[in-house]
Amino acid sequence: MTKIVSDYFGSTKEGLKVTRYTLTNKSGANVKILDLGGTITEINVPDKDGNLGDVTLGFDNVSDYEEKFGYFGAINGRVANRIAGGQFTLDGVTYNLCINYGPNALHGGKVGFDKKIWEASVKEDKLVLKYVSADGEENYPGELTVTVVYGFDDDNKLSIDYTATTTKATPINLSNHAFYNIAGHGTGHLNGQTITMYAETYLPLDEHTIPTGEIRPVAGTEYDLRQPVDLGERVKIVSEGRGFDTNFCLDNNGALKLATRFEHKLTGRFLDVYTTEPGMQFYTSYLMANMKGKGGVDYGPFAGYVLEAQHYPDSVNKPQFPNSILRPGETYTQKTIYHFGLL
């Protein structure tokens, strides 16, 4: 059974204590998670020689998580990704949100779920995080009660189970924003890795990185990843060299299915991602600023990739997209699994 221990990680600028939880399986592989934003700070899994390596980007202290832009490892909400113009109308009422990314609202607002201290508890071999978002927080309607359960089993599967209920109709789109690099978080680039994305369609974007509303086939485009593709080479041609910041549409009808696979032959690692969500936002970190990460290593553009299982961006403004509205009496659920294995 996975063992979970906790220790003091630091304090926020407001003086709030931040606790780190370490989930370790029988082989010694482990995942480290903060109660600040439900943030995944480390994922230490073996390579082909049996040596543990950290495959997620992050920082060594609280202040970097608070101050450096990027949502490293955190839970995004109440609505992950973008809402066009920071505005939506629900049941005849128009809501105006914080504009924090170009002309749009991004990842929950000025103080999203990534900046909150979650109530943490250990239930057997799971870490349970709870947060109650007040009615009107970041101008979203309804008191939203969210529970996120992290597990890490002996097969090196990191599971994230989300549930939520609300007192008023509200948009919801929860996701985790960890940056992965299965070659190792300090390798500096995603070269040498292959990707397969099991998606037949994707969402083209307008000039403000908002989906146009069209759902376009990947066939015949640079977004066709249905067979293994050299990721380092593909990002050079996608979006004129800016790489991916793309929602791929998953044909899973709410069932837990394999969405994407990464392989890195040099370390012998693979990463499989399974999810019940209809979309996978794949971002290859072109906009990542040059900065120091854990252990003083250099991070920057293309240093890692984000795999956000989620509803489609701007769904609240596009009725043709899968529904993202949660109403009283309903329960939002999502399950996503990140499986780290050896080829």
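Select V79, A80, I83, P171, I172, N173, Y312, D314, S315, V316 and S324: these residues line the largest cavity, which holds about 50 Å³ of space. A cavity here is a set of points on a 1 Å grid over the protein atoms alone where a 1.4 Å probe fits but cannot get out, and lining residues have an atom within 4 Å of a point. Grid points are joined across faces, edges and corners, and a volume is the space filled by probe spheres set on the points. The model is predicted: local features need pLDDT of at least 70 and side-chain atom pairs count only at pLDDT 80 or more, while totals for chains, interfaces and linings use all residues. Residues are numbered from 1 along each chain as its sequence is written, and side-chain values use heavy atoms, with hydrogens and water left out.

Colour the selection by class. The lining of the largest cavity divides into seven nonpolar, three polar and one charged residue. Ala, Val, Leu, Ile, Met, Phe, Trp, Tyr, Cys and Pro count as nonpolar, Asp, Glu, Lys and Arg as charged, and the others, Gly among them, as polar.

The structure holds two cavities of 30 Å³ or more. For the second largest, select G77, R78, G108, V111, G112, F113, S133, E137, E138 and Y140. About 30 Å³ of space lies there, and its lining has three nonpolar, four polar and three charged residues.

Next, go to the largest pocket (an open set of points with protein on both sides within 12 Å along at least five of seven lines). Its space is about 360 Å³. Of its 18 lining residues, L205, T209, S239, R242 and D245 lie nearest the centre, so centre the view on these. By class the lining has 10 nonpolar, four polar and four charged residues.

Now show the strands (DSSP runs of E, at least two residues, numbered from the N terminus). Two strands pair if DSSP finds at least two bridges between them. Nine strands form an open antiparallel sheet in the order 11-12-13-14-30-24-23-18-21. Its edge strands, each pairing on one side only, are strand 11 (119–123) and strand 21 (229–230). At the strand 11 edge, select residues 126–133 as well: this is strand 12, joined to strand 11 by five bridges in the antiparallel sense. E119 stands opposite K130 of strand 12.

A second selection is the open antiparallel sheet of five strands, ordered 1-2-3-4-5. Strand 1 (3–11) and strand 5 (52–54) are the edges, each pairing on one side only. Neighbouring strands of this sheet are turned by 20° against each other on average, direction ignored; axes are lines fitted to C-alpha atoms, and angles run from 0 to 180 degrees between N-to-C directions. Strand 4 (residues 40–46) runs antiparallel to strand 5, with three bridges between them. The bridge partner of V45 is G53 in strand 5.

Within strand 3 (residues 30–34), pick L34. L34 is buried, at 0% relative accessible area (buried means under 20%, exposed over 50%, partly exposed in between, with a 1.4 Å probe and protein chains only). A distance label from L34 to K3, 31 residues apart along the chain, should read 16 Å between C-alpha atoms.

Last, select the cysteines C98 and C249. C98 is partly exposed at 25% relative accessible area, whereas C249 is buried at 6%. The count of disulfides (pairs of cysteine sulfur atoms within 2.5 Å) is zero.

Technical notes
Helices (H or I, at least four residues) and strands (E, at least two) are DSSP runs, numbered from the N terminus.
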